[in-house]
Amino acid sequence: MGKKVIFLSRSDLRGGAAIVTFRLMMAMREEGVDARMLVCERLSDSPYVDYCAPECRIRYSFLKERLEVFVRNGFNRSTLFKVDPASAGLPLWRHPWVKEADAVFIGWVNQGMLSIDGVRKIAGLGKPVVWIMHDMWNMTGICHHAGHCAGFLAECGDCPFLGKKKRPDDMSHTTWKRKQNLYDSSSIRFVAVSSWLAGKAAESSLLHGREVAVIPNPFPIFHYVRDGVMKRNSHPVRIIFGAARIDDPIKGLPVLKEALKILRENYPAESSDMELVTFGSVKNQKSLEGFALPHRHLGIISGEEAVRDAYGNCDVVVSSSEFETLPGTLIEGQAYGCIPVAFDHGGQRDIIDHEKTGWLASWDDNPSVRASRLADGLVWGYRNAGDPVIISRMRESVTERFGASSVVRRLLALI
């Protein structure tokens with residue numbers, strides 16, 4: 001193989017950012033690139049993935065940084081893992097794979113894997129460094145999703161995640177300053193995985209005026225042949241909803257539940273022919289109760305066969321998330337012939353062409369209004385489930401936009 005590249009990611013298979021980074025690494029290898037991956041948590045058996053440091057060192061760095069966050073957020077457990085100051089990290093610039101690489105791709109490297117100073121030292125090696133942004137962390141002080149907070153438009157400070165410890169010069173502000181110094185003193189190239197995220201970067205004080213390329217996450221393009229009409233006549237139309245943790249507040253499960261209630265009340269004929277399928281981990285088991293449709297939970301699914309079976313037996317894929325950078329379930333669902341329904345409030349608009357390849361419900365800050373609009377989208381999905389024209393259009397769209405080989409070529413062009 002010719003060019004050597006290294007990907008840095010906290011995990012290889014846990015979480016959406018890790019999974020797409022692993023896919024990208026493997027896709028590059030298929031294109032003749034000697035691509036490898038360094039992680040803190042290794043779940044695959046790939047010979048091209050290795051631990052970035054000894055386990056004791058990884059754990060020490062993780063605990064050191066979490067302790068700092070715990071002290072500086074007023075000992076608040078509820079926000080302990082919602083922020084990252086990147087103050088502690090591992091000496092990855094010394095790792096042989098990093099030294100030998102022709103280019104370094106940085107992914108999601110928080111929770112003690114790579115500090116801001118560590119990124120500076122990697123950038124100082126004199127080789128191209130590309131930072132792929134999977135959320136808003138690069139453009140905020142310490143949070144991954146700013147939500148309704150406008151602090152990232154200025155210099156952060158008074159961070160709501162720090163509770164009673166927030167103040168103008170708190171950890172969010174000092175971390176913002178460290179990031180600004182890093183960006184000003186290095187030639188890091190930034191990639192946003194969706195147009196929405198690139199737009200947030202352009203608004204932010206840290207990345208405003210800096211070049212940000214928009215290159216989506218890669219997704220395998222499946223070749224699963226389904227006869228939509230036959231399947232629709234053989235079972236109720238199934239709606240699938242999934243996430244790494246489906247009761248994470250960001251995923252909007254209460255809004256989905258409300259939308260299903262509206263379906264039952266306003267569309268009795270359609271809802272009587274619908275079922276709900278969910279997958280992913282659950283922190284509170286009671287969150288799986290109270291659905292207005294017949295419901296089945298698959299638990300955590302992994303592996304291509306399990307993913308194929310899940311989506312392949314469903315007709316509509318829904319996302320009720322408040323914030324999404326580039327929701328992979330919508331892409332995977334389309335590839336398997338499921339019509340996507342989601343809010344037009346993030347990277348979803350990079351995936352769905354409204355009423356052509358799915359339904360984009362307009363956003364509203366009122367959860368009840370959102371639920372009503374999502375219900376309208378689910379009815380549209382029900383009425384168009386199995387449409388061969390829409391299924392063909394969806395497959396063409398995901399192949400063109402998210403096919404691994406096209407994503408690889410665009411990333412290699414940056415280096």
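**Stop 1: the 6-stranded sheet**

Select strands 10, 9, 8, 11, 12 and 13. They form an open sheet of 6 strands in the order 10-9-8-11-12-13, with parallel pairing. Helices (H or I, at least four residues) and strands (E, at least two) are DSSP runs, numbered from the N terminus. Two strands pair if DSSP finds at least two bridges between them.

Now go to the edges. Strand 10 (295–297) and strand 13 (359–361) each have a single partner strand, so one side of each is left without a neighbour in the sheet. From one strand to the next, the twist averages 20 degrees. For such angles, axes are lines fitted to C-alpha atoms, for helices over the stretch in contact, and angles run from 0 to 180 degrees between N-to-C directions.

A word on what is on screen: this is a predicted model, where local features need pLDDT of at least 70, side-chain atom pairs count only at pLDDT 80 or more, and totals for chains, interfaces and linings use all residues. Residues are numbered from 1 along each chain as its sequence is written, and side-chain values use heavy atoms, with hydrogens and water left out.

Zoom in on strand 8 (residues 237–245) and strand 11 (residues 316–318). They pair in the parallel sense over 2 bridges. Pick I240: opposite it, in strand 11, stands V317.

Next, show helix 12 (residues 367–384). Which strands does helix 12 lie across? They are strand 8, strand 9 (274–281), strand 11, strand 12 (339–343) and strand 13. Helix 12 runs at about 170 degrees to strand 12.

**Stop 2: a loop residue, Q348**

Select Q348. You will find it in the loop between strand 12 and strand 13. Is Q348 buried or exposed? Q348 is buried, with a relative accessible area of 0%. Buried means under 20% relative accessible area, exposed over 50%, partly exposed in between (1.4 Å probe, protein chains only).

Now show what surrounds Q348. Leaving aside its neighbours within four places in sequence, Q348 is in contact with S321, E324, P327, L330, A342, F343 and L360. Contact means heavy atoms within 4.5 Å.

**Stop 3: the 7-stranded sheet**

Move to strands 3, 2, 1, 4, 5, 6 and 7. This open sheet of 7 strands has the order 3-2-1-4-5-6-7, again with parallel pairing. Strand 3 (49–51) and strand 7 (212–214) are the edge strands, and each pairs on one side only. The twist averages 25 degrees from one strand to the next.

Add helix 1 (residues 16–30). Helix 1 packs on the sheet and touches strand 1, strand 2 (34–39), strand 3, strand 4 and strand 5. The direction of helix 1 makes about 155 degrees with that of strand 2.

Centre on strand 4 (residues 103–106) and show side chains. A103 and F105 point one way, V104 and I106 the other way, and all are buried.

Then look at the partners of strand 4:

- Strand 1 (residues 4–8) pairs with strand 4 in the parallel sense over 4 bridges. Here V5 stands opposite A103.
- Strand 5 (residues 129–133) pairs with strand 4 in the parallel sense over 3 bridges. V129 is the bridge partner of V104, and W131 stands opposite I106.

**Stop 4: two residues with positive phi**

Select A86, in the loop between helix 2 (55–72) and helix 3 (96–100). Its phi is near 50 degrees, a positive value in a residue other than glycine. A86 is buried, with a relative accessible area of 3%.

Next, select Q111, in the loop between strand 4 and helix 4 (116–123). Phi of Q111 is near 60 degrees, also a positive value in a residue other than glycine. Q111 is buried too, with a relative accessible area of 17%.

**Stop 5: cavities and a pocket**

How many cavities of 30 Å³ or more does a search of the whole structure find? The search finds 3. On a 1 Å grid over the protein atoms alone, a cavity is a set of points where a 1.4 Å probe fits but cannot get out; a pocket is an open set with protein on both sides within 12 Å along at least five of seven lines; lining residues have an atom within 4 Å of a point. Grid points are joined across faces, edges and corners, and a volume is the space filled by probe spheres set on the points.

Select C143, C149, C156, C159 and P160. Of the 15 residues lining the largest cavity, these lie nearest its centre. The largest cavity has a volume of about 120 Å³.

Last, select Y183, S186, S187, I188, R189, F190, R210, E211, A213 and L414. These residues line the second largest pocket, which holds about 190 Å³ of space.
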